[in-house]
Amino acid sequence: TYEPTRRIGQQETAATIQGVLGTLDPEDRELIVLRDVQGLGYEEIARIVDRPLGTVKSTLHRARLKFVERYRQAERGAGSTGVLRKDQGALK
């Protein structure tokens with residue numbers, strides 16, 4: 001069955017994800033997109049970004065932690081008049 005409120009919720013979630021990705025450093029954003037959106041393997045990502053495998057794994061781990069923290073901030077602020085600010089990666 002068609003549930004308009006569910007679709008709106010999905011669109012809002014997608015917009016929040018895009019907004020949070022936009023607050024990340026380009027390197028962090030690139031790694032998250034390559035791994036979690038495009039589904040590439042760590043070795044392939046290391047080749048693409050010309051970084052050692054261990055560096056890719058550790059940087060991606062830290063990038064994911066930043067993403068989750070900022071996503072939670074965005075979700076908490078969704079009911080307020082907050083707007084994601086790229087310079088601080090948080091709601092202001």
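**A tour from the H2–H3 crossing outward**

In this predicted model, begin with helices H2 and H3, which lie oblique to each other. To see where this description comes from, select residues 26–37 for H2 and residues 42–49 for H3, and follow the two axes, which come within 10 Å and cross at roughly 140°. Angles over 145 degrees would count as roughly antiparallel and those from 65 to 115 as roughly perpendicular, so the pair H2 and H3 is classed as oblique. With both helices still selected, turn the view to look along the line joining them: the crossing of H2 and H3 is right-handed.

Next, show the side chains at this crossing. On the H2 side, select Glu30, Leu31, Leu34 and Arg35, and on the H3 side, select Tyr42, Ile45, Ile48 and Val49, since these are the residues through which H2 and H3 meet. Which classes of residue make up this contact? Coloured by class, the contact of H2 with H3 shows six nonpolar residues and two charged ones, with no polar residue taking part.

Now release the selection and colour the whole protein by secondary structure, which brings up four helices and two strands. Traced from the N terminus on, these elements run α-α-α-α-β-β, with the helices leading and the strands following.

Finally, switch to a surface view of the full protein. Its accessible surface comes to about 6,400 Å², of which 50% belongs to carbon and sulfur atoms, while 26% of the 92 residues count as buried. If contacts are displayed as well, consider those between residues at least 6 apart in sequence, of which 49% join residues at least 24 apart.

Conventions
Residues numbered from 1 in each chain as written. Predicted model: local features only at pLDDT ≥ 70, side-chain atom pairs only at ≥ 80, totals over all residues. Heavy atoms only, no water. Buried < 20%, exposed > 50% of the residue type's maximum accessible area, 1.4 Å probe, protein only. Contact = heavy atoms within 4.5 Å. Areas by Shrake-Rupley, 256 points an atom, 1.4 Å probe, with all protein chains shown as cover. Axes fitted to C-alpha atoms, helices over the stretch in contact; angles between N-to-C directions. Parallel < 35°, antiparallel > 145°, perpendicular 65-115°, else oblique. Left-handed = near helix turned anticlockwise from the far one by under 90°. Nonpolar A, V, L, I, M, F, W, Y, C, P; charged D, E, K, R; others polar.
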